[in-house]
Amino acid sequence: MSGLQGYVDQRVLLILQDGRAIVGVMAGYDQKSNVVLSDSKERVYSPDEGVEEIPLGLYLVKGDQIVLIGELDEALDQSVDLATIRAEPLPPIRY
Amino acid sequence: MDPSSSGIQEPFDLIRLSLSERVFVKLRGDRELSGILHAYDGHMNLILSDVEETIMIVDEEGQGAVNIAKRKMNMLFVRGDGVILVSPPSRT
Amino acid sequence: MLIFSVFKTLTDQTVTVELKNDLSITGVLKSVDQFLNIRLDSIKVLDETRHPHMMAVKNCFIRGSVVRYVQLPAEHVDTQLLEDATRREAAAQAKR
């Protein structure tokens with residue numbers, strides 16, 4: 001199984017089908033890759049201004065909405081000043 | 001013509017007989033591939049080599065002018081859910 | 001099953017996964033499951049200036065259903081073996 005073991009209690013980045021990016025600590029997951037994040041925030045990217053972080057708190061994401069789960073290098077992530085990042089939001093998944 | 005003489009009884013037989021041949025693949029998202037077929041399964045997942053991909057980019061403003069982007073890839077797995085059709089290009 | 005086995009033989013090789021949101025991620029294939037979910041290590045996103053979203057991500061889990069292509073290392077793919085295995089699987093399917 002290429003599961004999510006090893007990601008629990010880690011800070012992760014979730015990319016969703018609609019293009020949203022959410023960071024948080026993975027509190028748990030199940031067989032269907034439903035994921036619970038604690039202390040989560042949505043990162044909203046824009047080409048004209050810096051990245052805005054919207055607090056979401058404890059968040060459950062359904063497995064079928066997930067594109068990708070990435071383990072964040074915390075030191076590297078904290079070294080990035082999000083206010084200086086300009087980028088288009090990721091496009092949604094198109095089948 | 002007797003269908004058994006060509007060894008084709010069902011659609012997948014046509015793909016089976018195209019193994020190690022160059023095939024043409026039409027994909028969702030206005031993409032086309034040409035490549036040598038090495039593997040497939042019932043989901044139409046494919047493995048192709050010596051692949052050329054063509055992407056048609058329709059420019060909505062410019063009277064629907066079509067831009068074409070091409071790129072080559074050495075060995076490629078193609079997920080079956082994007083496949084619209086597979087055909088042996090020599091016969092088209 | 002066949003494709004799953006192919007991916008298993010490519011464990012620890014470098015592959016490039018292209019997603020249906022046009023993101024391309026290169027990394028070392030760490031594992032794959034029956035849904036073709038993929039785990040990649042030491043990842044690098046193509047065109048990172050345009051896609052800074054994954055800057056601080058070192059490894060990731062990719063849902064199989066969002067994959068469009070995977071570029072494979074040709075030197076580690078035995079095409080003759082693949083074709084034989086495909087014919088065998090097709091024959092087994094036909095008997096059913």
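How many residues do chain A and chain C each bring to their contact? Select both chains: the contact (heavy atoms within 4.5 Å) takes 35 residues from chain A and 27 residues from chain C.

Before you go on, note that this is a predicted model, where local features need pLDDT of at least 70 and side-chain atom pairs count only at pLDDT 80 or more, while totals for chains, interfaces and linings use all residues. Residues are numbered from 1 along each chain as its sequence is written, chains are lettered from A in the order in which they are written, and side-chain values use heavy atoms, with hydrogens and water left out.

Now switch on a surface. About 2600 Å² is buried between chain A and chain C, with 61% of that from carbon and sulfur atoms. Buried area here is the accessible area (1.4 Å probe) that two parts lose on being put together, summed over both.

Next, pick C:Lys58 and A:Glu71. Their side chains form a salt bridge at 3.8 Å, N to O; the term needs a side-chain nitrogen of Lys or Arg within 4 Å of a carboxyl oxygen of Asp or Glu. The count between these two chains is 1 salt bridge.

Staying on chain A, colour β1 (11–16), β5 (66–72) and α1 (74–79): each supplies at least two residues of the side that touches chain C. The largest share, 7 residues, comes from β5(A). Helices (H or I, at least four residues) and strands (E, at least two) are DSSP runs, numbered from the N terminus.

Last stop: show β5(A) beside β4 of chain C (residues 57–62). They pair in the antiparallel sense over 5 bridges, pairing being at least two DSSP bridges between strands. Zoom in on A:Gly70, and you'll find its bridge partner in β4(C), C:Cys60.
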